[in-house]
Amino acid sequence: MGADVLDDRALNRATLARQLLLARSDMGVLDTVHHLVGVQAQVPHNPYLALWSRLDGFDPLALSQLLEDRRVVRIVVMRGTLHLVTAEDALVLRALSQPVLDQEMARHAEFAASLRGLDLGPAMAFARPLLEEQPRTGAELRAAMAERFPDLDAGALAFACRNVLGLVQVPPRGLWRRGGVVRSTTVDAWLGRPLDPAPSIDDVVLRYFAAFGPATVADVATWSRLTALREVVERLGSGLRPFRDARGRELFDVPDGPRPDPETPAPVRFLPEYDNVLLSHADRSRFVSDEDRKALAAGQRSAKGSVLHDGRVCATWRMDGPTLVVDHLPGLGRAAARAIEAEGQRALAFLEPELASPSVQISPR
């Protein structure tokens, strides 16, 4: 008997359910960050809107406190991008991501030539205690490198530290309604524990399917940027349930993953500029067509995030003074516009509670 077929709408509802975007959850903040296998965080406040859109009664100060308590950390992991992850996941995911970061150093447009063939041992041995003595800014690290290794490219050496030493960005960077220059130290110094010497890629791939599935092997690779994932999926074997998509491609899933009725209503959700739900599949058609994605991106330089209606990306949003502007695709009906405006008002109250006269403007692209 062939594998069951799931069309884009069925995949959409399955992934939304796992991402807590079909209905806000009462899950705790720390448990949610773990369940999602981290939250995209290169824009410091993105995780707050991401979690507000997923959790009932989300308190942003609770996430800030987890950062200050070192129970969650800001660290480069999947795809070589900055994520907010639990302390335990930082030790596993950062270790698994090393091949991705090695490739970044080998291919970096600015620094690859300076690093090629260079023995990084002396520079890393110098930088580690410097960064562990106290968190340093990028400028401070580059200045120290320039003084200690005057014949080498200090910028390239600082970039190598990011990719070799397992650095975390420390508070106040990333705290709610606070900011600060990026200061980094090693994960060992910040958490008092080293990176996992034997991280399980099998466990992480299972967690990916639980949070983003059903999905193809190519989807897992897009999410992680790791290679040889077909071998991992084959090793997991009977522990995964197979499906096919409408194009005949092989999908995999955890057996007990939620797969709601495709007709399950999906409420409006405002997502931040970077959200893993839209970045973690090679084929994004379960959320947006290539044509619609290009139309929304055309000429848009100030978008702060995306808007989901009926589970699909229908608009981008941005701030224009006290006004939240929603730039939507053609064909948005009145009922959809009203639902988007109502959720936009709630998003404004969360993001900008001090605005005197906030408003939501719905505008066609």
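This passage describes a three-stranded sheet, an enclosed helix and a buried serine in a predicted model. Residues are numbered from 1 along each chain as its sequence is written, and side-chain values use heavy atoms, with hydrogens and water left out. Because the model is predicted, local features need pLDDT of at least 70 and side-chain atom pairs count only at pLDDT 80 or more, whereas totals for chains, interfaces and linings use all residues.

Secondary structure elements are DSSP runs numbered from the N terminus, helices being H or I runs of at least four residues and strands E runs of at least two. Two strands are taken to pair if DSSP finds at least two bridges between them. In general, strands of a sheet pair through backbone hydrogen bonds, either parallel or antiparallel.

An open sheet of 3 strands shows mixed pairing in the order 1-8-9. Its edges are formed by strand 1 (4-6) and strand 9 (250-253), each of which pairs on one side only. From one strand to the next the twist averages 45°, where axes are lines fitted to C-alpha atoms, for helices over the stretch in contact, and angles run from 0 to 180 degrees between N-to-C directions. Strand 1 pairs with strand 8 in the parallel sense over 3 bridges, and V5 stands opposite R244 in strand 8. Strand 8 (residues 241-245) and strand 9 run antiparallel and are joined by 4 bridges. Within this pairing, R241 has D253 as its bridge partner, and P242 has F252. The two strands, 8 and 9, form a hairpin with 4 residues between them, and G248 in the turn has a positive phi of about 90°.

Helix 10 (residues 154-164) is largely enclosed by the rest of the structure, because 9 of its 11 residues are buried (under 20% relative accessible area; exposed is over 50% and partly exposed in between, with a 1.4 Å probe and protein chains only). Among the buried residues are L157, F159, C161 and N163. Their cover includes helix 5 (87-96), helix 8 (121-133), helix 9 (138-148) and strand 6 (167-169). At the start of helix 10, the backbone nitrogen of G155 has a side-chain oxygen of D153 within 3.0 Å. G166, which follows helix 10, has a positive phi near 70°.

S306 lies in strand 11 (residues 305-309) and is buried, with a relative accessible area of 14%. Beyond its neighbours within four places in sequence, S306 is in contact (heavy atoms within 4.5 Å) with residues including R269, F270, L278, V313 and W317.

How values were computed:
A polar contact is a pair of N or O atoms within 3.5 Å; within protein, one must be able to donate a hydrogen and the other to accept it, and residues adjacent in sequence count only if both atoms are side-chain atoms.
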